[in-house]
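Reader: I am new to reading protein models, and I would like to go through one slowly with you. Could we take the features in turn, with the general idea before the case at hand?

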Amino acid sequence: MENQSTSPQNEHIVENRELNIWEALIPVFALIAMLAFNVYVFGDDALSGSNQFILLLGGAVAAVVGYFNNTKYDKMIDEVASNIQSTAGAILILLMVGALAGTWLISGIIPTMIYYGLQILNPTIFLAACVVICAVISVATGSSWTTSATVGIALIGIAEALGISVGMTAGAILSGAYFGDKLSPLSDTTNLAPAMAGTDLFTHIRYMTLTTVPTIIITITVFIIIGLNLEPTGITDTSTILRSIENSFTISPWLFLVPVLVILLIVKKISPLIALLLGTLLGAVAALIFQPGIVAQIAGAGELNFISGYKGVMQAITVDTSVETDNENLNDLFSSGGMAGMLGTIWLIICAMVFGGIMDAIGALARISKALLNLFHTTFGLFASTVFSCLALNATASDQYLAIVVPGKMFAKAYRDKGLAPENLSRTLEDSGTVTSVLVPWNTCGAYHSGVLGVPVASYFGYAIFNYLSPFMTLFFAAFGIKIKQLSEKSA
């Protein structure tokens, strides 16, 4: 994930001694029931607005519970404001991703990626290749978000052209992207988890490879098997589709310089927001140089001049843009919503932060975590309660950081009391908190990736193999006592 505007290490946990566990769970049960009914009524259209309002209703239920447990209205509003403020960076990145997608479309960058990708990636190895490519990019950048916004978009386009399920493809993309998000020393969650547990970064990374490497190997193996049995419904002879792309865009390897530069900037620890802004501007320049006819057409002008160039680029950045081709299969592919296309996702994030903020303000998050901590007394039970806490917070607080910070603060002493080295906790936080956030539609990560890739969470959920297998892997290691480091081993 990307850096937010406030430091996640400084997140505080609100406790309310008057609130019991059943009262803390009332808003959770209410939210789940309302979301289930809403999805039943609206289906895939639930994220168009109705789910957002359901999250606000869930926040209202939490506020009523808080009112009867002596939580002041002002305190709830302050927590909501703090939560929304913490997503400012994510919201700006979303807007910039929309802008970047627009200029990368009209400049021919995305069509060029698809053009060459169709010649290199055949359906049999495509899904496994998606995992590997995204894993490499994510390790290099430390960002699953940037991976989705760059190579992820291009890979979805290739999948559509080949007739491969975009749900499968998004699952493969996110499996690779979150492998890198977990292991890269540039990732903020990789730095946050050991900070919360009380260990150092590289001890955490080394210890995390024990569960992460087997999980990614299983993931790649599964996608290879899927690929061997895949029967794509798209055009098997790609010559027709390649010719249509050539007829509509000027295709040039030089266009790869823009995405390569963006990735290099992030590897050099330049803020992803700045890197995406520069990528957007460079995409605009490339559009004027390589695709002048398309820019003029978008502007509704006969030829390219300063005014039509400015108008065409700004429209691509801000609103819906499409490039018509002589192939109907490509017309939906070569379209972008610009910054306006990201507003639905931003709306979802804000409403999720309202629910999470009120749940935190009334002390419900702390109460639920403590209840899970007290539920188990064995070493395996401690690991299991950590996993369940992270999953619960990803679903209720709608924020990946809180799913790491709250259990990290709550469970650190329990791990010490059990004689367990802190890297056990930091690994479990990442195995269950970092990777599962993308599986919750109203979590900031789920909302972001589904919005950027244009694939609903429900469509990729079953194929995000690495993401849902990781918690089971950490529980498997705990159940059989595999590589569970003791404090005595650490000091030895």
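Reader: Let me begin with a cysteine, C390: how far is its sulfur from the closest cysteine sulfur, and which residue holds that closest sulfur?

Author: Before I answer, please keep in mind that this is a predicted model. To read such a case, one compares the distance between two cysteine sulfur atoms with a cut-off, which for a disulfide is 2.5 Å. The closest cysteine sulfur to that of C390 belongs to C445 and lies 13 Å away, which is too far for a bond. C390 is also buried, since its relative accessibility is 0%.

Reader: How many disulfides does the chain have by this rule, and what is the nearest cysteine sulfur to C130?

Author: The count for the chain is zero disulfides. C130 accordingly takes part in none, and the nearest cysteine sulfur, which is that of C134, is 6.1 Å from it. Like many questions about a side chain, this one goes well with a look at burial: C130 has a relative accessible area of 0%, so it is buried.

Reader: Now I would like to step back to the whole chain. What does its secondary structure come to, and how does its radius of gyration agree with that of a compact globule?

Author: For the first part, one counts the elements, and here there are 25 helices and two strands. For the second part, one sets the value of the chain beside the value expected for its length: a compact globule of 492 residues would have a radius of gyration near 23 Å, and because the chain has 23 Å, the two agree. The C-alpha trace spans about 70 × 50 × 40 Å along its principal axes.

Reader: What share of the residues is buried, and what share of the contacts joins residues 24 or more positions apart?

Author: Burial is read from relative accessible area, with buried meaning under 20%. In this chain, 58% of the 492 residues are buried. Of the contacts with a separation of 6 or more, 79% are between residues 24 or more positions apart. As for the outside, the chain exposes about 19,400 Å², and 65% of this area is supplied by carbon and sulfur atoms. The charges can be read in a similar overall way: there are 19 positive and 30 negative ones, and their mean positions are 17 Å apart.

Reader: Which helix can show me what it looks like to be largely enclosed by the rest of the structure?

Author: The way to judge this is to count buried residues within one helix. Helix α9, residues 188-197, is largely enclosed, because eight of its ten residues are buried. These buried residues are D188, T189, T190, L192, A193, P194, M196 and A197. Among the elements that cover them are α8, α10, α20 and α21. Just after α9 comes G198, whose phi is positive, at about 95°.

Reader: Which residues other than glycine have a positive phi, for example in the loop between α2 and α3?

Author: Here one looks at the backbone angle together with the place of the residue. N70 has a phi near 65°, which is positive although N70 is not a glycine, and it sits in the loop between α2 (50-67) and α3 (73-86). With a relative accessible area of 58%, N70 is exposed. K483 is another case, with a positive phi of about 50°, in the loop between α24 (465-479) and α25 (487-491). K483 is exposed as well, at a relative accessible area of 53%.

Reader: Which residues does T112 touch, leaving out those up to four places away in sequence?

Author: To read contacts, one sets aside the close neighbours in sequence and asks what remains. T112, in helix α5 (residues 109-120), touches T250, I251, S252, L255 and F256. T112 is buried, with a relative accessible area of 1%. I109 is also in helix α5 and is buried, at 1% relative accessibility. Beyond its neighbours within four places, I109 is in contact with W104, L255, V258, P259 and G283.

Reader: Where is G157 placed, and is it buried or exposed?

Author: G157 is in helix α7 (residues 144-162), and its relative accessible area of 2% makes it buried.

Technical notes. Residues numbered from 1 in each chain as written. Predicted model: local features only at pLDDT ≥ 70, side-chain atom pairs only at ≥ 80, totals over all residues. Heavy atoms only, no water. Helix = DSSP H or I, 4+ residues; strand = E, 2+ residues; numbered from the N terminus. Rg over C-alpha atoms; globule rule 2.2 N^0.38 Å. Buried < 20%, exposed > 50% of the residue type's maximum accessible area, 1.4 Å probe, protein only. Contact = heavy atoms within 4.5 Å. Areas by Shrake-Rupley, 256 points an atom, 1.4 Å probe, with all protein chains shown as cover. Lys, Arg positive; Asp, Glu negative; His and termini not counted. Charge placed at Lys NZ, Arg CZ, Asp CG, Glu CD.
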